[in-house]
Amino acid sequence: MSKFKTDILIIGGGIAGCIAAIALADIYRVTLVDRLAEPKEKIGESLAPAANRILKELDLLNDLEKKNNQVFQQNLGMQSYWGSSQVQIVDHLRNPDGFVKSLDRKAFEIFLRTAAEKRGVTCFWETDFLSSTYETTWKVQLQSGNAKETFQIEADFVIDASGRQSRFARNLGIKREVEDKLIACWISLPNTAVNTMSTISASKNGWWYSAVTPNNKRVIAYHTDADIIEKSELKTTASLLEFAKENNEISALLNGETTTIEFHGIVAANSTKLSQVAGEKWVAIGDAAISFDPLSSQGMFNAMASAMQLRALIQQFGFTDTIQSRYTTQITHIWQHYLKHKSIFYQVEQRWKTTEFWKRRNRDFI
Ligand SMILES: Cc1cc2nc3c(=O)[nH]c(=O)nc-3n(C[C@H](O)[C@H](O)[C@H](O)COP(=O)(O)OP(=O)(O)OC[C@H]3O[C@@H](n4cnc5c(N)ncnc54)[C@H](O)[C@@H]3O)c2cc1C
């Protein structure tokens, strides 16, 4: 079995992992692994304007801005039908951080992977985390996908950036606290509407979301609880379209389209937190630490911000135990703040008080 040594090993080359790698590469030998050969199509495209500050600090913003209409397009605002059938519009014109960016997620993650490689990060793509042991340093077992070859990386510090699966922490036996059962079923299709603002619209058993992404593509997602809707009802385009009929705004966006729709299936969208977000010489960042309800549109920003928080702590304290307690306090604070805001936001919707989906959200608030 071949062996390799590094200062910091990051497991997961999504947004959190790439941002952490880029942020730390000027001080440490950083190694980044991801089980996928290349990023896959993903839902989750609205990048909060505050993320521009992080991208600027890492000297990524200029290069990204050159890719307007390829990697992202400016999102002019959000129209919501939430709490009433009356539309409410939040535009981004006066936001000092600029517009929301509507990303092509795959293209954005390729952009970040490429930037990490250019900054000197050692990258192993198509490489799966298997297990780890700790004795003064971490010894991490990995498997490279193409040859199914197992190898070991020795690292002084490990960052778990493997998303909701939190593969490294889970392997240590750490569980996730689960707040709810939210899932999202999503489709994409060519956009035909002139209005390119994002749309949020509440429904009897959940809520709908739509946004326009580069190349005039539209994504539409339906969010509900996994145990409320029969899974078979969300298995095909036809069954999702049947559901969409209950929502006027989404029906209007679909505009009778059936043939050009790409069905992407169901993904987890619930709020979850790792019960321990840091330990001896390791930390979890992004979704691996805390995953948000998509209603917040904060997941990608949190992925970047937690990576930057970790860099600041490492710069100040090195790989000492102080990081554990400081980082845990910071994440706990963000989580409590997030839960409070989530409850307040769901509480605004009172039109379907008796359906299970909304009853659960109102009960949370009390
Ligand atoms: C329906 C939905 C809509 C959303 N909408 C938005 C939105 O509009 N705006 C927003 O900001 N956020 C949104 N989000 C949240 C956002 O997508 C996530 O917060 C973000 O992807 C987190 O990034 P991450 O890098 O922490 O994790 P991930 O994106 O999950 O990346 C984890 C990486 O780890 C890799 N990995 C996993 N296991 C292993 C392993 N064993 N070995 C090696 N690598 C591994 C994966 O391949 C992946 O590349 C949405 C989420 C959902 C579910």
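**Angles, bridges and shells**

Tutor: Let's start with a hairpin in this predicted model: strand 10 and strand 11 have four residues between them, and Lys 148 there takes a positive phi near 55°.

Student: What makes strand 10 and strand 11 (residues 149–160) a pair, and in which sense do they run?

Tutor: Pairing takes at least two bridges, and seven bridges join strand 10 to strand 11. They therefore count as paired, and they run antiparallel. For a spot to look at, find Gln 141, which stands opposite Gln 152 in strand 11.

Student: How many bridges hold strand 9 and strand 10 (residues 137–144) together?

Tutor: Eight, again in the antiparallel sense. That clears the cut-off of at least two bridges, so this is a pair too. Ser 132 has Val 140 in strand 10 as its bridge partner. One residue lies between strand 9 and strand 10, and Thr 136 in that turn has a positive phi of about 60°.

Student: On to the seven-stranded sheet. What makes strand 6 (88–91) and strand 17 (262–268) its edge strands?

Tutor: The order is 6-5-14-15-16-13-17, in an open sheet with mixed pairing. Strand 6 and strand 17 each pair on one side only, hence the name. From one strand to the next, the twist averages 15°.

Student: How do you know that strand 14 (residues 198–203) and strand 15 (residues 206–213) pair?

Tutor: There are five bridges between them, set against a minimum of two, so they qualify. The sense is antiparallel, and Ser 203 has Gly 206 as its partner in strand 15.

Student: At what angle does helix 6 (residues 237–244) run to strand 13?

Tutor: About 100°. Roughly perpendicular covers 65 to 115 degrees, so helix 6 and strand 13 fit that label. Helix 6 lies across strand 16 (217–225) and strand 17 as well.

Student: Are helix 1 and helix 8 roughly parallel or antiparallel, and why?

Tutor: Helix 1 (residues 15–24) and helix 8 (residues 299–317) pack at about 30°, axes 8 Å apart. Angles under 35 degrees count as roughly parallel, so that's what helix 1 and helix 8 are. The contact includes Ile 19 and Ala 23 of helix 1, with Met 304, Ser 306 and Arg 311 among the residues from helix 8.

Student: What classes do the residues in the contact of helix 1 with helix 8 divide into?

Tutor: There are 13 nonpolar, one polar and one charged. Arg counts as charged, so Arg 311 is the charged one.

Student: And why is helix 8 called roughly antiparallel to helix 9?

Tutor: Helix 8 and helix 9 (residues 322–347) pack at about 150°, with axes 10 Å apart. That is over 145, so roughly antiparallel is the right label. Helix 8 passes helix 9 in a right-handed crossing. In the contact, Gln 309, Leu 310, Leu 313, Ile 314 and Phe 317 of helix 8 meet Thr 322, Ile 323, Arg 326, Tyr 327 and Gln 330 of helix 9.

Student: Last one: which residues come nearest among those around the ligand?

Tutor: Five glycines: Gly 12, Gly 14, Gly 163, Gly 286 and Gly 299, out of 37 residues. Helix 8 gives the largest share of that shell, four residues. By class the shell has 18 nonpolar, 13 polar and six charged residues. Gly counts as polar, so those five glycines fall in the polar group.

Notes:
Residues are numbered from 1 along each chain as its sequence is written. This is a predicted model: local features need pLDDT of at least 70, side-chain atom pairs count only at pLDDT 80 or more; totals for chains, interfaces and linings use all residues. Axes are lines fitted to C-alpha atoms, for helices over the stretch in contact, and angles run from 0 to 180 degrees between N-to-C directions. Two residues are in contact if their C-beta atoms, placed from the backbone, lie within 7 Å. A residue is near a molecule or strand if its C-beta atom, placed from the backbone, lies within 6 Å of it. A crossing is left-handed if the near helix is turned anticlockwise from the far one by less than a right angle, and right-handed if clockwise.
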